[in-house]
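Dear colleague,

Please find below the structure that I am handing over to you, with its sequence. My notes on what was found in it follow directly after.

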Amino acid sequence: MDYTFFSMEEIDLMWCFDTSDRYMLIEQMEEIAPYIDDPELLALMEQTLDKIYVISDREYAELPLFPTWEDDANELDGL
């Protein structure tokens, strides 16, 4: 999958939710959307949801949605 389909802002937004399952992510984002007062954040959420709706489960599984804590820890070891 072409990861540029999602912007970094969209990926960052998805990280705020449970990303272990595409349907859970959709449900959580749809559930919270009516409570978002910031028009820019709401637009980002709607734009992100529109993209999540059209990708397959396989494509979703390939997205870089899980932080690589091990990589971060290795970088800190060098400090």
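The chain has an accessible surface of about 5,600 Å², and carbon and sulfur atoms account for 55% of that surface. Please bear in mind that this is a predicted model; the values in this message are computed from it.

Overall architecture

The chain contains five helices and zero strands, which gives the pattern α-α-α-α-α when read along the sequence. Of the 79 residues in the chain, 27% are buried. Among the contacts with a separation of 6 or more, 68% are between residues 24 or more positions apart.

Nonpolar core

The largest nonpolar core comprises 17 residues, and those that touch the most other members are Phe-6, Met-14, Leu-25, Met-29, Met-45 and Ile-52. At least two residues of this core come from each of helix H1 (8-14), helix H2 (22-32) and helix H3 (39-54). For Met-29, leaving aside residues up to four places away in sequence, the residues touched are Leu-13, Phe-17, Met-45, Thr-48, Leu-49 and Ile-52. Two of these partners, Met-45 and Ile-52, also appear in the list of core residues given above.

Salt bridges

The count of salt bridges comes to three. I describe each in turn.

In one of them, Lys-51 and Glu-10 meet through their side chains, with an N to O distance of 3.0 Å. Because Lys-51 lies in helix H3 and Glu-10 in helix H1, this pair ties together parts that are 41 residues apart in sequence. Glu-10 has a relative accessible area of 0% and is therefore buried, the cut-off being under 20%.

Another salt bridge joins Asp-57 and Arg-22, whose closest N and O atoms are 2.8 Å apart. Here too, distant parts of the chain are linked: Asp-57 belongs to helix H4 (residues 57-61) and Arg-22 to helix H2, with their positions 35 residues apart in sequence. How accessible are the two partners, Asp-57 and Arg-22? Asp-57 counts as partly exposed at 39% relative accessibility, whereas Arg-22 is buried, with a relative accessible area of 9%.

The remaining salt bridge is formed by the side chains of Arg-58 and Glu-62, at 3.9 Å from N to O. The cut-off for such a pair is 4 Å, so this N to O distance of 3.9 Å falls within it. Arg-58 is exposed, with a relative accessible area of 65%, while Glu-62 counts as partly exposed at 32% relative accessibility.

Aromatic rings

How many aromatic pairs does the structure hold? There is one aromatic pair. It consists of Phe-5 and Phe-6, whose ring centres are 5.2 Å apart; their planes stand at 90 degrees, so the pair is edge-to-face. The two residues are also described by their accessibility: Phe-5 counts as partly exposed at 33%, and Phe-6 counts as buried at 4%. Phe-6 is, in addition, one of the core residues that touch the most other members.

Phe-5 has a further partner in Lys-51, whose charged end sits over the ring of Phe-5 at 5.4 Å from its centre. Lys-51 thus takes part in two of the arrangements described here, namely the salt bridge with Glu-10 and the placement over the ring of Phe-5.

Yours sincerely

How values were computed:
Residues numbered from 1 in each chain as written. Predicted model: local features only at pLDDT ≥ 70, side-chain atom pairs only at ≥ 80, totals over all residues. Heavy atoms only, no water. Core = buried A, V, L, I, M, F, W, Y, C linked by side-chain atoms within 4.5 Å. Buried < 20%, exposed > 50% of the residue type's maximum accessible area, 1.4 Å probe, protein only. Helix = DSSP H or I, 4+ residues; strand = E, 2+ residues; numbered from the N terminus. Contact = heavy atoms within 4.5 Å. Areas by Shrake-Rupley, 256 points an atom, 1.4 Å probe, with all protein chains shown as cover. Phe/Tyr/Trp six-rings, centres within 6.5 Å; stacked < 30°, edge-to-face > 60°. Lys NZ or Arg CZ within 6 Å of the ring centre and 35° of its normal.
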